[in-house]
Amino acid sequence: MSPHAALRPQPTPLPTPAPTRAPARPTTAAALHSVSAVTAVLLGLVAIGAMIHEPVLIPPLAASAALVHSAPTLPLAQPRGVIVGHLVGAAVGYAVLAAAGGSAWAAAVAAGVTLALNMAARTPHSPAVATAVIIVLQAPAPDRFVPLLFGSTVLLVLTGFAASRVRRGAPRYPAYWW
């Protein structure tokens, strides 16, 4: 080998093509496990809401639970995105509500701003975009809503952690904490 051979640029490997098919169907046991875990955590949120006479289950949390329990390795399901993403969505929702009022136009802007900030903060979580929309359209009291939202997201993450350790062979959740 000549001394100049080591200085030649090496060819870069070609990227691996993306899968062209949908993922494999989960086993019956895996599907039952995910559905049971999601249902249990959502019933828990309903029970907490009934005890404190405050709605705790909101649609974005149901979507978050589905991500955490059925796709635990995706970036969208990781604790950072679930917890911080919803808090960013809440902050944006309240800011837009204060600046522009509660209209569908303002809700659309809040959704876009939430998505942009979550992408910039590396906290991807699509249900958090819906949290901003709900705040703009429904104007919940922040002193009650934000602590309940935070507690609910922490509960979703903790149940995802516990559920992933119950069934042998299940993907471990989270893939990363922060």
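## Close-ups of a six-helix chain

**View 1. Helices H3 and H6, side by side.** The axes of H3 and H6 come within 9 Å and cross at roughly 165°. Angles over 145 degrees count as roughly antiparallel, so H3 is roughly antiparallel to H6. Their crossing is right-handed. On the H3 side, the contact is made by Pro79, Val82, Ile83, His86, Leu87, Ala90 and Tyr94. H6 brings Pro142, Phe145, Val146, Leu149, Phe150, Thr153, Val154 and Val157 to the same contact. Sort the residues of this contact by type and you get 13 nonpolar, two polar and no charged. Keep in mind that this is a predicted model.

**View 2. The whole chain, for orientation.** Step back for a moment: the protein chain has six helices and zero strands. Reading along the sequence gives the pattern α-α-α-α-α-α. Of its 178 residues, 38% count as buried. Now take the contacts between residues at least 6 apart in sequence: 74% of them join residues at least 24 apart.

**View 3. Helix H6 from end to end.** How far apart are the end C-alpha atoms of H6? They are 36 Å apart, and that agrees with the 36 Å expected for the 25 residues of this helix (residues 142-166) at 1.5 Å a residue. The buried residues of H6 are Phe145, Leu149, Ser152, Thr153, Leu156, Val157, Gly160, Ala163 and Ser164. What covers them includes helix H1 (28-52), H2, helix H3 (79-100) and helix H5 (126-138).

**View 4. Helix H2 and its partner H5.** H2 has twelve residues, which should span 16 Å at 1.5 Å a residue, and its end C-alpha atoms are indeed 16 Å apart. In this helix, Pro60, Leu61, Ser64, Ala65, Leu67, Val68 and His69 are buried, and their cover includes H1, H3, H5 and H6. Now look at H5 in particular. The axes of H2 and H5 come within 8 Å and cross at roughly 175°, so these two helices are roughly antiparallel to each other. H2 makes the contact with Pro59, Pro60, Ala63, Ser64 and Leu67, while H5 uses Ser126, Pro127, Ala130, Thr131 and Ile134. The residues here divide into seven nonpolar, three polar and no charged.

**View 5. Zooming in on histidine 69.** This residue sits in helix H2 (residues 59-70). Is histidine 69 buried or exposed? Its relative accessible area is 9%, and buried means under 20%, so histidine 69 is buried. Which residues does it touch, leaving aside neighbours within four places in sequence? Histidine 69 is in contact with Ser34, Ala37, Val38, Val41, Leu156, Thr159, Gly160 and Ala163. Of these, Leu156, Gly160 and Ala163 also turn up among the buried residues of H6.

**View 6. Backbone oddities in the loops and the tail.** Histidine 53 is found in the loop between H1 and H2. Its phi is near 55°, a positive value in a residue other than glycine. Histidine 53 is exposed, with a relative accessible area of 70%. Alanine 139, in the loop between H5 and H6, has a positive phi too, near 50°. At 44% relative accessibility, alanine 139 counts as partly exposed. Finally, where is the cis peptide bond? It joins tyrosine 173 and proline 174, with omega about -5°. Proline 174 lies in the segment after H6.

How values were computed. Residues are numbered from 1 along each chain as its sequence is written. This is a predicted model: local features need pLDDT of at least 70, side-chain atom pairs count only at pLDDT 80 or more; totals for chains, interfaces and linings use all residues. Side-chain values use heavy atoms; hydrogens and water are left out. Helices (H or I, at least four residues) and strands (E, at least two) are DSSP runs, numbered from the N terminus. Buried means under 20% relative accessible area, exposed over 50%, partly exposed in between (1.4 Å probe, protein chains only). Contact means heavy atoms within 4.5 Å. The expected span of a helix is 1.5 Å times one less than its number of residues. Axes are lines fitted to C-alpha atoms, for helices over the stretch in contact, and angles run from 0 to 180 degrees between N-to-C directions. Angles under 35 degrees count as roughly parallel, over 145 as roughly antiparallel, 65 to 115 as roughly perpendicular and the rest as oblique. A crossing is left-handed if the near helix is turned anticlockwise from the far one by less than a right angle, and right-handed if clockwise. Ala, Val, Leu, Ile, Met, Phe, Trp, Tyr, Cys and Pro count as nonpolar, Asp, Glu, Lys and Arg as charged, and the others, Gly among them, as polar.
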